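Work through the exercises below with the model open in your viewer. Try each task before you read its solution.

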Amino acid sequence: MKRINLIFALFSLTFFAISCSKADEPCVKKIWYQDADGDGLGNKAVTSEACDQPAEYVANSNDDNDNPVKTPVSIIPTKGYTTPTSYANLKAIWADEFDGTSLNETYWNYEIGNNNGWGNNELEYYKKENTTVKDGYLIIQAKQESIGGQNYTSSRLTTQNKFNLKYGRVDIRAALPKGKGIWPALWMLGKNITTVSWPKCGEIDIMEMIGGSGKDNTVYGTAHWDNNNSYAQYGGNTQLASGIFNDEFHVFSIIWDSRKIVWYMDDKKFHEIDTTPAGLSEFQEEYFFLINLAVGGNWPGSPDISTVFPQHLIVDYIRVFQ
């Protein structure tokens, strides 16, 4: 009998400990709104109260016509600018056309987590699950959901230790997301970042956009480096004559050699930096690629009530020539 009582006491203590542990992490319920037509906008008349985001529900209630449709609204634009697969006097040395049904991990790495805001006080938690490859496109989805202490999820990809580049032409065809606090980027970091850290490794931002009203039509190209132990940057930007970058595909390019880096949008030059001064030696080294869709951060600020989730960064191809 004493042995039975002892076992029961141990079981009771274990159950109490588990119960206390769960009590330390209370469920915080919120209202979710049905998105029957799959356009990212919720129906305020149909709600669900839950801790986690239910399937086919979103956090906003902005839809005034949430009738289900037989064919879901496509998030992939049907038009836009494109560039050739070859150039005179240049050789294609690497590309990803995003064929197949999954990310080619021979080329790409997933970076996971929030990593203390990635140096920018970003609000997302990066996951593999927010990346899909289908119909010839890479699709990164930013969602409003709680994980790892963050209220948003997305994906961040790199070619670190798998593909590096020193000089050449880079073309990336992409359709961008939109909205306050949304921050897509197509960029490069110096291969030696693990030994010299940032900004001494150098950074080349092929394209960045900070979303929001009056901002969804502007992209930036920027170089970052270390200038005698002091951070330095030099950037430019370009705007669309009409519409926003979410409407259709555009091609973001750099042409980089030992003397300069030149930025293009749809083959129109909008920025250039002279890299011949000794203080810019970072740009005479090898770099790897990054593609990510951040949410929040020092530059774009946080999403607000106008921001619609999910948002998508859609990449048709990345091509490299020398």
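The exercises go from the overall chain to single bonds and torsions.

This is a predicted model, so local features need pLDDT of at least 70 and side-chain atom pairs count only at pLDDT 80 or more, while totals for chains, interfaces and linings use all residues. Residues are numbered from 1 along each chain as its sequence is written, and side-chain values use heavy atoms, with hydrogens and water left out.

**Exercise 1. The chain**

Task: State how many helices and strands the protein chain has, and what share of its residues is buried.

Solution. Start with secondary structure, taken as DSSP runs numbered from the N terminus (helices: H or I, at least four residues; strands: E, at least two). The chain has two helices and 20 strands. Next, take accessibility with a 1.4 Å probe on protein chains only: buried is under 20% relative accessible area, exposed is over 50%, and partly exposed is in between. Of 322 residues, 47% are buried. Finally, take the extent: the C-alpha trace spans about 85 × 50 × 35 Å along its principal axes.

**Exercise 2. The disulfide**

Task: Find which cysteines the disulfide joins, and where they lie in the fold.

Solution. Search for cysteine sulfur atoms within 2.5 Å of each other, the criterion for a disulfide. The structure holds one. Cys-27 is joined to Cys-51, S to S 1.3 Å. Now place the ends. Cys-27 is in the loop between helix 1 (2–23) and strand 1 (30–34), and Cys-51 is in the loop between strand 2 (43–50) and strand 3 (57–58), so the link ties together parts 24 residues apart in sequence. Check exposure last: Cys-51 is partly exposed at 25% relative accessible area. Cys-201, by contrast, is buried at 1%.

**Exercise 3. The core**

Task: Identify which residues touch the most other members of the largest nonpolar core.

Solution. Collect buried Ala, Val, Leu, Ile, Met, Phe, Trp, Tyr and Cys residues, and join them through side-chain atoms within 4.5 Å; each joined set is a nonpolar core. The largest has 50 residues, and Phe-252 and Phe-289 touch the most other members. Strand 19 (residues 287–295) gives the largest share of this core, five residues.

**Exercise 4. Two pockets**

Task: Give the volume of the largest pocket and of the second largest, then describe what lines each of them.

Solution. Set a 1 Å grid over the protein atoms alone; a pocket is an open set of points where a 1.4 Å probe fits, with protein on both sides within 12 Å along at least five of seven lines, and lining residues have an atom within 4 Å of a point. Points are joined across faces, edges and corners, and the volume is the space filled by probe spheres set on them.

- Largest pocket: about 1200 Å³. Of its 45 lining residues, Gly-38, Asp-39, Ile-75, Pro-310 and His-312 are closest to the centre. The lining divides into 20 nonpolar, 14 polar and 11 charged residues.
- Second largest pocket: about 740 Å³. Its lining has 27 residues, with Trp-118, Asn-120, Trp-187, Trp-198 and Glu-203 nearest the centre. The split is 12 nonpolar, nine polar and six charged.

For both splits, Ala, Val, Leu, Ile, Met, Phe, Trp, Tyr, Cys and Pro count as nonpolar, Asp, Glu, Lys and Arg as charged, and the others, Gly among them, as polar.

**Exercise 5. Aromatic pairs**

Task: Classify the pair of Trp-198 and Tyr-231.

Solution. Use ring centres within 6.5 Å for Phe, Tyr and Trp (its six-membered ring); planes under 30 degrees apart are stacked, over 60 edge-to-face, and the rest tilted. The count is 18 aromatic pairs. Trp-198 and Tyr-231 are 5.3 Å centre to centre with 35° between the planes, a tilted pair. Trp-198 is in the loop between helix 2 (193–196) and strand 13 (203–208), and Tyr-231 is in strand 15. Compare Phe-283 and Tyr-287: centres 6.3 Å apart and planes at 15°, so this pair is stacked. Both are buried.

**Exercise 6. Backbone outliers**

Task: Determine which peptide bond into Pro-310 is cis, and where Asn-228 is found.

Solution. Read omega first. The bond from Phe-309 to Pro-310 is cis, with omega near 0°. Trp-198 to Pro-199 is also cis, with omega near 10°. Then read phi. Asn-228, not a glycine, has a positive phi near 55°. Asn-228 sits in the loop between strand 14 and strand 15, and is exposed at 71% relative accessible area.
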